[in-house]
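Biologist: I am new to this structure and would like a close look at a single part. Please take me to the place where two helices pack against each other, and then show me what lies around it.

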Amino acid sequence: MATDVSPQNCGPALHLRNLYNNEPFNATLRRRCLKCRAASGSQTSYPFLLALNYNHLHRAAAKLTQLYNSKLVGLYLGPLPAVVVNDHDTVRQVLQCSEFDGRPDLFLARLRDEQYARRGIFFTDGDSWREQRKFFLKTLHEYGFGRRNETVEQDLQTGLTELIALLKDGPKHEHERAIVDGSTGYAVCPQMFFALFSNVLLRMLTATRLEREDQAVLFEVGKCSLAFHRQGDDYGLALSYIPWIRLLLPGFSRYRLLREVNQKANGVIRSLVEKCEQTYNEDDIRCFIDAYIREMRQTGSKPTSGGYAFGFECKRKREKRVIVRLKIANPIPLPSADDQLIIGCADFLVPAFSAIPAKLGLILERLVAHASVVEKMYTEIDRHVGQSRLPLLDDRTHLLYCEAVLREALRIDTLVPSGIPHVATTDTELAGFQIPKGTLVINGLDYINHQEEVFPEPYTFRPERFLSEEGNVSHDQDRSVPFGAGKRVCAGETFARNALFLTITTLVQQFTFTVEHSPDPEQHLTGVIRTAADFKIKFTAR
Ligand code: HEM
């Protein structure tokens, strides 16, 4: 019987092997080694992580990696075995391997749906996920998503022109007064960006873009979206592992707030779907929602048929079983086939509403702290674009330093610090460890984007690390992983990169920035994504 309780002897390697081979733990070891409680297979792991760093679970996981000197840390999240992967090459291996393409069944994801079903793309897997992801991407692509497209670029330009007018001339409409203070000129970040990208998505989804005076609803949904991103956590909250906690502590468990903000946002999306349904004409497919309605009608997944159809053709008995169980505790309205469409649209709208704005907030913070970087960007923009027009995506091939700044910003303040959890869909192996089917795999994106062997001086903001000696953006040199990779790579990567490029180059071209208080990355909030706390920033015209 092992009695040595040093961390080296009861490190994660031992725990993983014990856990996954189903061999019993050495009881003495388990009881006595407090340092290893998190990895010991006891169900206290999630609270242990919270105890290590309540506000930033990715940092708690980094501490465990350090403590055990291991790139893989095994732990239990409630009843679910999990492994945190904190190593660049191993994370890449996970992302490229289809055996890790599953997603856990988290209550945090289910509470987004009216019937607490697993729907959409983010948090689903298997055939339904493949079918829906393919349909969404292929069809949205036709409306300009994720590629060069004149209408999309024009919409982004129009949105930026509206934003410039708001910042230069002050608010014109009631909803804008909460965003920009007309007397001091300070704007609130990231809220100031809520309408910019969601409006572009809106055109693809519904064929309609909202004019400036009608954008109040975008700011309202933006608030809900940001609340979800901030109030969730990157492991799914305790709610996901002990869902009944919501019945005892609806406020403390954050269930009430998360349910409310999701229902509010879904209500707006539902009204968009209903509008398209009322004016639907099979001979005139105007937008993504029309195309989805046509697909539902052609495949028999009719809105009036009810049922728990996940996708177009695959009705899932498994879904039905879970819903019936949940129904006992929660009387819920009858489902409609539109529900999948609504959560699918939310999967694209929510990041447009708040992930890109949150990222812009983080970038602006870095720029405020690095005046010399802004000067170099401005010089480059002035040389290649000038002042007579706004930057275009075509300018990207010339604005190489600006591009490097964006890549460095995406790396240093990794937006999704723990990625979105994956699940092993079969018994498999990773870095010499056996990983049984059903194990959650948490990719430490923030950790690997700061791994010293890959990014020397990882905490220094240095855009030059992405430039070759000739000053070109070197794709070989960009080993950062802000958007994931493989089959589950961020579905909005191209859209997000384009949007960030146009917005940041336009703001640098037009304005200088000052903030009320110096930004402090230590004060960032970690939810589902990383955000800077709301801050006020003044844009002064150049
Ligand atoms: C700077 C902005 C963004 C960053 C850094 C980002 C990052 C990520 C990451 C890390 C994942 C998880 C990948 C994985 O599971 O391994 C993800 C998934 C996803 N993202 Fe993004 N994202 C951004 C913006 C967007 C936007 C604007 C959209 C849509 C308009 C979007 C749509 C999605 C979807 C649908 C998924 C789920 C993909 C799937 O599970 O198949 N993202 N994103």
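Modeller: What follows starts with the whole chain, goes to one helix pair, and then moves outward from there.

The model is predicted. The chain has 542 residues, and 49% of them count as buried. Its secondary structure comes to 20 helices and 11 strands. Take the contacts in the chain with a separation of 6 or more: 72% of them join residues 24 or more positions apart.

Now the close look. Two packed helices are described by the angle between their axes and the distance between the axes. The pair here is α11 and α16. Their axes come within 8 Å and cross at roughly 70°. Angles from 65 to 115 degrees count as roughly perpendicular, and α11 and α16 are therefore roughly perpendicular to each other. The crossing of α11 and α16 is right-handed.

Which residues of the two helices meet? From α11 come Val221, Gly222, Ser225, Leu226, Phe228 and His229. From α16 come Val350, Phe353, Ser354, Ala355 and Ala358. By type, the residues of this contact between α11 and α16 divide into 7 nonpolar, 4 polar and no charged.

Stay with α16, which covers residues 338–369. This helix also takes part in the shell around the ligand. That shell holds 24 residues. Those that come nearest to the ligand are Pro351, Gly484, Cys490, Ala491 and Gly492. Two elements give two or more residues to the shell: α16, and α20 at 493–510. The largest share is from α16, with 7 residues. By type, the shell divides into 17 nonpolar, 3 polar and 4 charged residues. Charged residues are thus present around the ligand, whereas the contact of α11 with α16 has none.

Next, the loop that comes before α20. Phe461 lies between α19 (445–448) and α20. Is Phe461 buried or exposed? It counts as partly exposed, because it has 18 C-beta neighbours inside 10 Å, and being buried takes 20 or more. Leave aside its neighbours within four places in sequence, and Phe461 is in contact with Arg366, His370, Glu408 and Ile412. One of these partners, Arg366, falls within the 338–369 span of α16. Phe461 and Phe194 are 267 residues apart along the chain, and their C-alpha atoms are separated by 26 Å.

Back to α11, which runs over 216–231. Ala207 sits in the loop between α10 and α11. Its phi is positive, about 70°, although Ala207 is not a glycine. Ala207 counts as partly exposed because it has 15 C-beta neighbours inside 10 Å.

Then look at α10, at 194–206. The loop between β3 (186–189) and α10 holds Pro190. The peptide bond from Cys189 to Pro190 is cis, with omega near 10°.

One more backbone feature remains. Arg254 lies in the loop between α12 (245–248) and α13 (255–278). Phi of Arg254 is near 70°, a positive value in a residue other than glycine. Arg254 is buried, because 23 other C-beta atoms lie within 10 Å. Ala207, with its positive phi, is partly exposed instead.

Technical notes
Residues numbered from 1 in each chain as written. Predicted model: local features only at pLDDT ≥ 70, side-chain atom pairs only at ≥ 80, totals over all residues. Helix = DSSP H or I, 4+ residues; strand = E, 2+ residues; numbered from the N terminus. Buried ≥ 20, exposed ≤ 12 C-beta atoms within 10 Å, placed from the backbone. Near = placed C-beta within 6 Å. Nonpolar A, V, L, I, M, F, W, Y, C, P; charged D, E, K, R; others polar. Axes fitted to C-alpha atoms, helices over the stretch in contact; angles between N-to-C directions. Parallel < 35°, antiparallel > 145°, perpendicular 65-115°, else oblique. Left-handed = near helix turned anticlockwise from the far one by under 90°. Contact = placed C-beta atoms within 7 Å.
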